[in-house]
Amino acid sequence: MSQELLAGQGAVVVGGSRGIGRAVAELLGQLGSGVVVNGREADAAQDAVAAIRGSGGRAIALAGAADNESIATALVDECLEQFGRLDILINCAGIAEPAGTSILNVLPADFDAQIKAHLGTTFHTCRAAARIMAAQGSGAIVNSSSVAFLGDYGGTGYPAGKGAVNGLTMAIAAELKSCGVRANVVCPGAKTRLSTGVEYEEHIADLYRRGLLDEMTMRASLDAAPAAFVAPVYAYLASDLALEVTGEMFVAAGGFIGEFDRPTPRVLAYRDHRDSQPWSVYEVRAMLAARQQPPNR
């Protein structure tokens with residue numbers, strides 16, 4: 001594999017010690033980038049670094065939870081010190097929501113932990129990296145979301161956090177486009193420690209029984225491909241091959257790659273407020289009842 005694509009670049013991979021993040025970190029290293037590998041556990045981060053170095057790549061480890069501002073800042077500083085520049089920020093960190101969590105039983109502390117781990121991590125790392133990237137006039141940010149933001153997988157804090165990551169990334173992309181900085185989202189699907197085991201299988205089966213998942217999605221969730229199938233999408237978005245791609249949301253799961261259309265409002269009706277009365281409740285009801293239903297509604 002060519003090491004020229006990302007040669008001389010510096011990257012931070014948050015959550016790069018395990019699962020999808022590790023597969024991404026290893027691929028970036030193979031493509032020539034120096035990689036700061038972050039994870040909550042120092043041993044796992046060092047193990048990922050050893051694998052990258054063993055393949056001829058450059059990498060260092062910095063352990064800690066990047067939802068902490070000081071850790072997020074340290075990741076950026078370490079990348080600049082060790083590799084001389086910061087070109088790539090990849091966010092792959094995440095935690096699973098407690099099994100069976102719903103709005104009926106979620107504990108506020110569990111919800112807050114989900115928001116902190118997903119949105120908080122993305123915010124702090126993007127905030128630290130964006131200033132450097134904007135000043136140098138280039139950079140790529142790739143954040144991880146999940147199709148769970150649609151609500152099909154149940155839960156509360158996990159889909160809320162992932163949906164918030166989508167919105168934050170779109171705002172970053174719009175704001176920094178003129179600075180030459182790109183920001184995109186990947187909703188990955190892969191076999192990791194968060195998507196294996198009896199508890200996970202029971203959760204997916206329960207969602208299917210309740211009608212939240214169709215049979216195809218259920219089977220795909222139980223037979224996910226290794227993380228190596230997802231990593232190339234991240235690497236592509238991080239590279240100059242994707243210089244014109246920003247503000248996009250992609251899905252990558254095994255051999256499947258897809259994209260979400262940007263939500264845009266459909267006009268259902270209009271009246272000029274300057275010479276009309278507000279809609280009555282019954283007019284709104286009639287208007288919505290007569291509207292054309294979108295697919296899968």
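Which residue follows α4, and what is the sign of its phi? Select Gly-137, which comes directly after α4 and has a positive phi near 80°. The model is predicted, so local features need pLDDT of at least 70 and side-chain atom pairs count only at pLDDT 80 or more, while totals for chains, interfaces and linings use all residues. Residues are numbered from 1 along each chain as its sequence is written, and side-chain values use heavy atoms, leaving out hydrogens and water.

Now select residues 108-136, helix α4 (helices are DSSP runs of H or I with at least four residues, strands runs of E with at least two, numbered from the N terminus). Its 29 residues should span 42 Å at 1.5 Å a residue (1.5 Å times one less than the number of residues), and this agrees with the 41 Å between its end C-alpha atoms. At Gly-120, α4 bends by about 35° (the angle between axes fitted to the seven residues ending there and the seven starting there).

Turn next to the open sheet, whose eight strands follow the order β3-β2-β1-β4-β5-β6-β7-β8 with mixed pairing (two strands pair if DSSP finds at least two bridges between them). Because β3 (58-63) and β8 (256-260) each have a single partner strand, one side of each is left without a neighbour in the sheet. Within the sheet, select β4 (residues 88-91) and β5 (residues 139-144), which run parallel and are joined by four bridges; Asn-91 has Asn-143 in β5 as its bridge partner.

Finally, select Tyr-234, whose contacts (heavy atoms within 4.5 Å) include Ile-20, Val-24, Ile-90 and Cys-92, not counting residues up to four places away in sequence.
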